Amino acid sequence: MSLQSIPRRLAALLLVCCASASAQNYPSKPIRIIVGFTPGGGVDINARLLAPKLTEYFGQQVIVENRPGAGTNIANELVARAAPDGYTLLINTAAVVINMSLYKKVPYDALRDFAPLSLFSQSPNILVVHASVPVKSAKELIALARSRPGQLNYSSAGAGTTQHLAGELFNLRAGTKMVHVPYKGSAPSLTAVISGEVDLTYANIPAISAHVKSGRLRPLANLGPKRSDQLPQVPTLKEAGVDGVEVVVWYGLFAPAATPRDVVTKLAEAIARAARSPDTAQRLVELGAEPVGNTPDEFGKLLRVELARWSEVVKVSGARAD
């Protein structure tokens with residue numbers, strides 16, 4: 001062994017020892033989960049279901065912090081640039097990869113700058129209209145939209161969200177021209193439909209269930225691969241004759257890319273445990289979501305598939321955020 005190689009070997013050994021020590025002591029202070037949306041939407045609901053479980057498991061407070069704006073890019077950049085110590089996490093949907101092709105300049109790389117931890121849950125998007133819109137099915141909506149090109153509009157939680165691209169896909173596949181109206185988060189987007197400010201939106205079951213029951217929103221179609229047990233009366237969009245608009249929203253957790261592998265593993269196992277815990281799993285199912293809880297490697301593979309899928313959707317639909 002050369003003398004020159006000794007410092008490098010010692011440095012490598014020191015890094016391994018420090019990483020192991022950090023994992024053994026982790027966590028030793030509160031953890032933040034950053035949400036790129038306003039309170040009340042699907043991502044926020046999932047974060048606030050997860051946080052108490054992680055607090056219970058780790059014995060440290062897990063805090064949910066909302067940082068909405070720029071199609072979640074503000075939150076994404078904050079976590080991408082945070083210290084890679086496991087104390088600043090991100091929860092997001094496919095927006096984290098969609099933005100890579102939707103925006104001309106993105107201040108992070110979805111595959112390079114994050115360590116995927118685990119999917120917490122997933123839920124299909126539901127096409128809902130304001131109660132005053134004179135349609136009772138997706139076919140009737142298509143007919144109305146075709147007769148009034150550019151007059152019907154749909155809201156989303158922001159440019160680049162799955163709601164936005166679900167609407168663009170619907171227009172593309174159904175031959176309609178409904179106008180996209182972006183809002184700063186899922187809650188204001190949904191409020192706009194409930195108030196009649198816009199005609200319709202694409203939202204997940206946890207966010208719309210109470211409003212469907214109250215009659216303020218009318219569900220027309222499920223964008224998932226099958227009907228939901230929570231809304232069994234709502235047919236899939238494919239059943240309504242519109243193919244190629246399958247949009248299932250997933251909710252996943254990320255850490256900064258250089259977070260020690262042992263810490264990543266510890267977080268991923270805790271998230272999966274929380275998703276599968278009987279009380280949390282039951283609550284997710286009641287809200288129309290499916291508990292998941294997978295490994296970092298499985299989640300990483302999904303991210304690569306989603307990046308390719310949504311970049312193609314953005315290209316074909318012509319959607320842009322800037």
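Contact here means heavy atoms within 4.5 Å, and the views below are drawn from a predicted model.

**View 1. The surroundings of S121 in strand β4.** Leaving aside residues up to four places away in sequence, S121 touches N46, V249, W250, Y251, L284, A289, E290, P291 and V292. With one of these neighbours, N46, there is also a polar contact, made between the side chain of S121 and the side chain of N46 at 2.5 Å. S121 counts as buried because its relative accessibility is 0%, the cut-off for that class being under 20% relative accessible area.

**View 2. The largest pocket, with a volume of about 370 Å³.** The lining of this pocket is made up of 15 residues, of which P124, K226, R227, G288 and E290 are the closest to its centre. Strand β4, which spans residues 114–130, gives the most to the lining, contributing three residues. Sorted by class, the lining of the largest pocket comprises five nonpolar, six polar and four charged residues.

**View 3. The second largest pocket, with a volume of about 150 Å³.** The residues that line this pocket are I205, S209, V212, K213, Q230, L231, Q233, E286, L287 and G288. Helix α8, covering residues 205–214, supplies four of the lining residues and thereby gives the most to this pocket. The lining of the second largest pocket divides into four nonpolar, four polar and two charged residues.

**View 4. The largest cavity, with a volume of about 100 Å³.** Among the 13 residues that line this cavity, those closest to its centre are T93, T162, Q163, S186 and N204. Two or more lining residues come from each of the elements α2 (42–58), α6 (162–174) and β9 (248–256). By class, the lining of the largest cavity holds five nonpolar and eight polar residues, with no charged residues. A search of the whole structure finds two cavities of 30 Å³ or more, and the second largest is the subject of the next view.

**View 5. The second largest cavity, in which about 40 Å³ of space lies.** This cavity is lined by G42, Q163, S186, S189, L190, T201, A203, N204 and A207. At least two residues of the lining are supplied by α7 (186–194), and at least two by β7 (200–204). The lining of the second largest cavity consists of three nonpolar and six polar residues, and no charged residues are found in it.

Terms used: Residues are numbered from 1 along each chain as its sequence is written. This is a predicted model: local features need pLDDT of at least 70, side-chain atom pairs count only at pLDDT 80 or more; totals for chains, interfaces and linings use all residues. Side-chain values use heavy atoms; hydrogens and water are left out. On a 1 Å grid over the protein atoms alone, a cavity is a set of points where a 1.4 Å probe fits but cannot get out, and a pocket is an open set with protein on both sides within 12 Å along at least five of seven lines; lining residues have an atom within 4 Å of a point. Grid points are joined across faces, edges and corners, and a volume is the space filled by probe spheres set on the points. Ala, Val, Leu, Ile, Met, Phe, Trp, Tyr, Cys and Pro count as nonpolar, Asp, Glu, Lys and Arg as charged, and the others, Gly among them, as polar. Buried means under 20% relative accessible area, exposed over 50%, partly exposed in between (1.4 Å probe, protein chains only). A polar contact is a pair of N or O atoms within 3.5 Å; within protein, one must be able to donate a hydrogen and the other to accept it, and residues adjacent in sequence count only if both atoms are side-chain atoms.
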